[in-house]
Amino acid sequence: MFYELAASTWGEEELEAIRSVIDSDRFTMGPRVAEFEQAFARYFGANHAVMVNSGSSANLIAVASLFFKQDRPLQRGDEVIVPAISWSTTYHPLQQYGLKLKFVDVELDTLNVDMRQLEDSITEKTRLIVAVSILGNPAGLDRMREIADARGIYLLEDNCESMDAELAGRKAGTFGHLNTFSCFFSHHISTMEGGIVLTDDLELCHLARSLRAHGWTRDLPADSPVFQRKGSDHFEAYRFILPGYNVRPIEMSGAIGLRQLEKLPAFTARRRRNLATFERLFGGDDRFIIQRENGKSSSFSFPIVLSPDAPIDRDRVFAALKEADIGFRVITGGCFLRHDCIKFYDYEVHGNGVPNAEIAHDRGFFVGNHPFDLTPQIERLHDVLDKTCA
């Protein structure tokens, strides 16, 4: 395809990392995963990182960890504020743990939650805010943390789409009590499959480590704040303290992650140069709504919303993109309220609905961004859209 939605970022370094794991004959989670966790935490300036098998699993054990805190744990029925646009597994763990979701509309020009509406949506029942930075563009993370701290609310930052973005001099994915990342094939770094939970809180880190591997104590030190030793080493090695999962990563993912993390700064710089080209061609054109950058985007992709004020047929646009061999897809997961699975949720919608999320769902799409020069691809994209939307 001339302009792919996703592209490989691997080189010989990643293949050599795989070969080194094969030569070691250690494939299950081990020292390379631990080394990657330490390197990842250092890169983002956090105390603790816990690697799992996907960003979705990272969200699952992050939510679960908040239910098992010793002090002020979440309870079933508690209210959680969420944006109307995100990926499905931002929301599913919240439903699976019995929380009541309150959906808040997004800003059409950032695709992130409308902060004025978010502040207005909070009630005495609110126990958790889920912050999502859409497609590399930081949400109002600094203000969300201020609100959370002032009201005694937990902040969970789903940063699966925005690794290496920055806001107010900090990396996105460091503002929450818990923060999650994805290392899927198409994301900023790829470890085949993989995800990370990042936190500065030792208790939450140890809860996440236990939940990651069966709910046992084996991966925790004897002085952990989440349990007290009761028996011999024979018993403690297979002692279960939480209703956990098996969402461990494999050793290859940790080894690959170390090589990819070394390349991340250059990847982000190249993505931002592509973003500058995209903004030069599409910025200021009233037919197209593109993301207004908040802070410093790591530019996962290039979302476009066809202006509702312009008489443009999106189906005609899609046909033209297909003919031009340009890949495209829905913006993240679209408006989540439009999906069939919402019937299984306990939820409400704040205010007067989510009209901007609906517009993005019905008139939006995105094309890929990759860590190499995309000037010819972006220029063809602009040429196709300029002619089709004339």
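**View 1. Lys263 counts as buried, with a relative accessibility of 18%.** This is a predicted model, and this close-up starts with a charged pair in it. The partner of Lys263 is Glu13, and the two form a salt bridge whose closest N and O atoms are 3.0 Å apart. Lys263 belongs to helix H9 (residues 251–282) and Glu13 to helix H1 (residues 12–24), so this pair ties together parts of the chain that are 250 residues apart in sequence. What about the accessibility of Glu13? Its value is 41%, so Glu13 counts as partly exposed. For context, a search of the whole structure turns up 28 salt bridges.

**View 2. Asp386 and Arg287 share a salt bridge, with N to O at 2.6 Å.** Asp386 sits in helix H12 (residues 375–388), while Arg287 is in the loop between H9 and strand S10 (288–290), so the contact ties together parts that are 99 residues apart in sequence. On the Asp386 side, the relative accessibility is 32%, which counts as partly exposed. Arg287, at 18%, counts as buried.

**View 3. Here Arg116 reaches Asp114 in a salt bridge, and Glu12, Glu16 and Arg19 make up a network.** The Arg116 and Asp114 side chains meet at 3.9 Å, N to O. Is each partner buried or exposed? Arg116 counts as exposed, with 69% relative accessibility, whereas Asp114 counts as buried at 9%. Elsewhere, salt bridges link Glu12, Glu16 and Arg19 into a network.

**View 4. Helix H10 (residues 314–323) has buried residues at Val317, Phe318, Ala320 and Leu321.** How are these buried residues of H10 arranged around the axis? Looking down the axis, they fall within an arc of 160°, so they line one face of the helix. What do the buried residues of H10 pack against? Their neighbours are strand S11 (301–306), strand S13 (364–368) and H12. Turn to the other side of H10 and you find Asp315, Arg316, Lys322 and Glu323, which are exposed.

**View 5. The two ends of H10 each have a local feature to look at.** At the start of H10, Asp313 puts a side-chain oxygen within 2.9 Å of the backbone nitrogen of Asp315. Past the helix comes Asp325, with a positive phi near 65°. Pro311 can also be picked out here, in the loop between S11 and H10. This proline is exposed, having a relative accessible area of 86%. How far is the C-alpha atom of Pro311 from that of Ala390? The separation is 9.6 Å, for two residues that are 79 residues apart along the chain.

**View 6. Eight strands make an open sheet: 8 strands in the order S1-S9-S8-S5-S4-S2-S3-S12, with mixed pairing.** Which strands are at the edges? Strand S1 (48–52) and strand S12 (347–349) take those places, each pairing on one side only. Averaged over the sheet and with direction ignored, neighbouring strands are turned by 20° against each other.

**View 7. Strand S8 (residues 178–182) pairs with strand S9 (residues 195–199) in the antiparallel sense, over 4 bridges.** In this pair, Thr180 of S8 stands opposite Val197 of S9. Helix H3 (residues 55–67) packs on the sheet, where it touches S1, strand S4 (126–132), strand S5 (154–158), S8 and S9. The direction of H3 makes about 165° with that of S8.

**View 8. Leu111 and His214 each have a positive phi without being a glycine.** Why look twice at such residues? Most residues other than glycine have a negative phi. For Leu111, the phi is about 70°, and the residue lies in the loop between strand S3 (100–104) and helix H5 (115–121). With only 2% relative accessibility, Leu111 counts as buried. His214 also has a phi of about 70°. Where is His214 found? Look in the loop between helix H7 (202–212) and helix H8 (233–236). There, at 30% relative accessibility, His214 counts as partly exposed.

Technical notes. Residues numbered from 1 in each chain as written. Predicted model: local features only at pLDDT ≥ 70, side-chain atom pairs only at ≥ 80, totals over all residues. Heavy atoms only, no water. Salt bridge = Lys/Arg side-chain N within 4 Å of Asp/Glu carboxyl O. Buried < 20%, exposed > 50% of the residue type's maximum accessible area, 1.4 Å probe, protein only. Arc of directions from axis to C-beta. Contact = heavy atoms within 4.5 Å. Polar contact = N/O pair within 3.5 Å; in protein donor to acceptor, adjacent residues only side chain to side chain. Pairing = 2+ DSSP bridges. Axes fitted to C-alpha atoms, helices over the stretch in contact; angles between N-to-C directions.
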